[in-house]
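Reader: I am new to this structure and would love a friendly guide. Please start with a close look at a single residue, then walk me on from there.

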Amino acid sequence: ITNLFSFYPDPTCLFKAMSQRGADSACGSSATAKNAQSWVWKHFTLERQSSAKEKFPPAKCRLCGKVVTRARGNTSNMNRHIQRDHGELCLEEFSKPLVAGTELFGLAPILGEEDMKEANDLLVDAIVWGLLPSYMMENPFLRQFVEKVSRGSFVLPHRTKMTKMIEAKYEEVKELLKKSLAQASSVAITTDGATMKNTGDSYIAITGHWITPGWKLVSAVLGVKISDESHTGEAIFSLVNDVAQKDFFLADKLDAVATDNGANFVKAVELMLSRNVTEEHVRCACHTLQLSIKTALESTKRAAEVVQLFRTIVTTISGSPVLLKALRDKQGNPDLSFQFEVPASLEEESDEDLDESTQPAHENPVLDSQDLDDCSDYLHWGRTKKVIKDIVTRWNSTFYMLERAVEIREAIDFVLIDTGRLDISPSSNI
């Protein structure tokens with residue numbers, strides 16, 4: 001209902017629309033064939049009850065014959081079916097003006113073929129680059145919005161068509177990559193794996209790097225493959241080799257493969273080297289640095305204790321809304337010196353300290369770059385900062401965690417002492 005208000009500036013129009021068009025599914029009321037009010041009943045008929053236990057009989061779509069259940073007697077499933085499979089009916093229904101004068105635009109000339117293709121390409125780019133779901137094309141209010149803004153010259157494609165457009169775009173881009181790679185004399189690839197926490201699916205990504213004949217360095221994703229097997233060296237070798245050799249024909253061009261130091265990826269590249277698929281294995285310098293710093297921190301007892309202490313502090317504060325609020329309040333306390341250290345360049349000088357030679361020549365002196373920097377710092381006072389939690393696989397995130405803890409150390413100490421957490425208070429442990 002909240003979303004509907006943006007389409008009806010007068011709330012009375014909204015409720016009039018709901019009553020006229022039977023928004024019983026939004027309000028939670030039930031509807032049967034006898035007292036049906038929802039507009040979707042124009043496209044459905046009631047089926048016979050299959051058993052006595054079935055309180056609300058299903059409804060059958062007049063357009064496609066699909067039978068839709070009505071477990072609670074409302075029209076929610078019927079509405080979803082119309083939106084998903086017959087979205088143009090929603091557009092037709094909800095584009096009818098409720099009261100005189102609600103039409104926004106008049107008609108516009110129909111887009112030409114080239115303009116329509118360009119518009120669809122831009123739409124595909126928006127969906128792909130924005131990581132948006134294709135089912136948003138079924139939203140009747142989005143469809144109405146686009147039609148109104150384009151004055152009827154452009155209608156959003158439905159979900160099925162959008163999926164086909166994305167697949168066509170994928171093939172088009174893949175062919176362009178093949179042509180560019182065909183002109184390259186040497187190609188290097190980087191590869192790594194990841195597992196999605198929410199689904200548990202494992203993926204292997206392969207990125208290619210090459211220089212064009214015009215001496216332009218190009219990097220492009222060559223493939224993201226789902227892996228149903230364990231991430232063994234053999235399985236990784238098979239996936240990477242298929243993309244490099246079968247999809248993009250990189251035989252005799254693949255000079256180097258860059259990976260992290262994971263044993264499975266090292267094994268995969270060893271297999272590639274032994275079979276003359278590539279000539280060199282380059283291990284990721286960032287990952288090597290990460291392992292070096294991690295080992296140094298863990299092997300130095302005092303450093304490891306400090307890092308672990310602040311991880312505990314950050315986890316404790318981040319997991320408590322009460323402590324987070326207290327941390328914000330303490331940072332706004334003028335008694336804390338770290339928050340209100342006035343830059344020397346902005347300290348007020350008394351009139352007695354100024355002789356005539358230092359008096360400004362006019363009321364609005366021009367500020368130099370240093371003055372502007374000082375003013376910028378001054379204006380940022382009072383903005384609270386949050387604690388930062390590090391990621392064990394990124395050494396610089398541990399640095400940022402400790403750096404932030406030092407910046408707001410007094411506020412952290414006050415919060416932990418006030419709440420009785422002396423066991424993890426920095427002043428009590430460091």
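Author: With a relative accessibility of 29%, Q83 counts as partly exposed, a label for values between the limits for buried (under 20% relative accessible area) and exposed (over 50%), found with a 1.4 Å probe on protein chains only. Its home is helix α3, residues 76-85; helices (H or I, at least four residues) and strands (E, at least two) are DSSP runs numbered from the N terminus. Although 55 residues separate Q83 from E138 in sequence, their C-alpha atoms are 5.9 Å apart in space.

Before we go on, a word about the model: it is predicted, so local features need pLDDT of at least 70 and side-chain atom pairs count only at pLDDT 80 or more, while totals for chains, interfaces and linings use all residues. Residues are numbered from 1 along each chain as its sequence is written, and side-chain values use heavy atoms, with hydrogens and water left out.

Now step back to the whole chain. There are 16 helices and eight strands, and 32% of the 430 residues are buried. Among contacts (heavy atoms within 4.5 Å) with a separation of 6 or more, 55% link residues 24 or more positions apart.

Helix α5 is a good next stop. Its end C-alpha atoms are 24 Å apart, which agrees with the 24 Å that its 17 residues should span at 1.5 Å a residue; the expected span is 1.5 Å times one less than the number of residues. The buried residues here are N120, L123, V124 and I127. They cover an arc of only 100° around the axis, which puts them on the same side of α5; the arc is that of the directions from the helix axis to the C-beta atoms. An α-helix has 3.6 residues a turn, so residues three or four places apart point the same way. The buried residues of α5 pack against α7, while E114, L122 and W129 are exposed on the other side of α5. Just after this helix, L131 takes a positive phi of about 55°.

W129 leads us to the largest pocket, since it is one of the residues that lie nearest the pocket centre, together with V128, Y170, V173 and V221. A pocket is found on a 1 Å grid over the protein atoms alone, as an open set of points where a 1.4 Å probe fits, with protein on both sides within 12 Å along at least five of seven lines; lining residues have an atom within 4 Å of a point. This pocket has 21 lining residues, and α5 (113-129), α7 (159-183) and β6 (217-227) are the elements that give two or more residues to the lining. About 830 Å³ of space lies inside, where grid points are joined across faces, edges and corners and the volume is the space filled by probe spheres set on the points. The lining has 15 nonpolar, one polar and five charged residues; Ala, Val, Leu, Ile, Met, Phe, Trp, Tyr, Cys and Pro count as nonpolar, Asp, Glu, Lys and Arg as charged, and the others, Gly among them, as polar.

From β6, move on to the loop between β6 and α8, where you will find H231. H231 is partly exposed, at a relative accessible area of 21%. Leaving aside neighbours within four places in sequence, H231 is in contact with A194, S202, Y203, I204, I236 and N264. One of these, Y203, is 28 residues from H231 in sequence and 9.3 Å away, C-alpha to C-alpha.

Two loops deserve a glance for their backbone angles. Most residues other than glycine have a negative phi. In the loop between α8 (233-247) and β7 (254-259), F249 has a positive phi of about 50° although it is not a glycine. N276, in the loop between α9 (263-274) and β8 (280-283), also has a positive phi, near 60°. F249 is exposed, with a relative accessible area of 56%, and N276 is exposed too, at 70%.

Let us finish with helix α14, residues 395-407. Its 13 residues reach 19 Å from first C-alpha to last, close to the 18 Å expected. S397, T398, M401 and A405 are its buried residues. Seen down the axis, they fall within an arc of 105°, so they line one face of α14. These buried residues pack against α10 (285-299), α11 (301-318) and α15 (409-418).
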